Amino acid sequence: MDNDVSAGSTASTSTLGHIALGLTLLAFGIGYTGIIDGVTAANSVSLATYVGGLALFVLGILEFRGGNGFNGTAFAGLGAFWFTWATGADGKVSADAAGAFLVLFALLGLTLTVGAARGPFGQGVYGLFTLALVLLAIGAFADSGMLAKIAGWVAAVSGLLAWYGATAALAHWPVAFGKTSRGGAVATG
């Protein structure tokens, strides 16, 4: 174990949370893009349920316990999103209900975007996530597969940013984007 990050610290739960968010967003986004033949967003249900849902929710509770209200809110809220999304995936709810659900959680994404540390690893991740949800919601209301594909690409980029930021923090890679003031972003210089 790295001496700089002790077990149970908010730094380690923050990094793990951003990795979980990144991987879930990547799987979710890739499923919507249709870039891999035969892989759909519904194929990411298990990952969304356990990694995005359960793991992020638990990490959010640990972040609250460690005194990090922003990451606690982000991870617990996003854990609730992923768990709920996974239970309604693959046409288990109407398109209008799915669109309304996505709009409601886009509001959470907007809150996280405004509250996150400035930069691509804070506001960038949550801003792109919010944009993806808005595009998916409009696509659901309008029955537009093209908007869903665009949303998938936006979600995948958001996932790559979250994953890279967490990996950079864990590996102590230098990044040009600098340090954050409140732990919302994980990459440091």
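This passage looks at how two helices pack together and at two residues with an unusual sign of backbone angle in a predicted model.

A good place to begin is the pairing of helix α3, which spans residues 69–88, with α5, the helix that covers residues 120–142. Their axes lie 14 Å apart and form an angle of about 25 degrees. Angles under 35 degrees count as roughly parallel, and α3 and α5 are therefore roughly parallel to each other. The crossing of the two helices is left-handed. On the α3 side, the contact is made by Phe70, Ala74, Phe75, Leu78, Phe81 and Trp82, while α5 contributes Tyr126, Phe129 and Leu133. In character, the residues where α3 meets α5 comprise 9 nonpolar ones, with no polar and no charged residues.

The backbone offers a second point of interest. Most residues other than glycine have a negative phi. Against this background, Asp143 can be picked out, since its phi is positive, near 55 degrees, although the residue is not glycine. Asp143 sits in the loop that links α5 to α6, a helix running over residues 145–171. With a relative accessibility of 72%, Asp143 counts as exposed, because the cut-off for that class is over 50%.

His172 gives another example: this residue, also not a glycine, has a positive phi near 60 degrees. His172 belongs to the segment that comes after α6. Is His172 buried, partly exposed or exposed? Its relative accessible area is 47%, so His172 is partly exposed.

Key: Residues are numbered from 1 along each chain as its sequence is written. This is a predicted model: local features need pLDDT of at least 70, side-chain atom pairs count only at pLDDT 80 or more; totals for chains, interfaces and linings use all residues. Side-chain values use heavy atoms; hydrogens and water are left out. Helices (H or I, at least four residues) and strands (E, at least two) are DSSP runs, numbered from the N terminus. Buried means under 20% relative accessible area, exposed over 50%, partly exposed in between (1.4 Å probe, protein chains only). Axes are lines fitted to C-alpha atoms, for helices over the stretch in contact, and angles run from 0 to 180 degrees between N-to-C directions. Angles under 35 degrees count as roughly parallel, over 145 as roughly antiparallel, 65 to 115 as roughly perpendicular and the rest as oblique. A crossing is left-handed if the near helix is turned anticlockwise from the far one by less than a right angle, and right-handed if clockwise. Contact means heavy atoms within 4.5 Å. Ala, Val, Leu, Ile, Met, Phe, Trp, Tyr, Cys and Pro count as nonpolar, Asp, Glu, Lys and Arg as charged, and the others, Gly among them, as polar.
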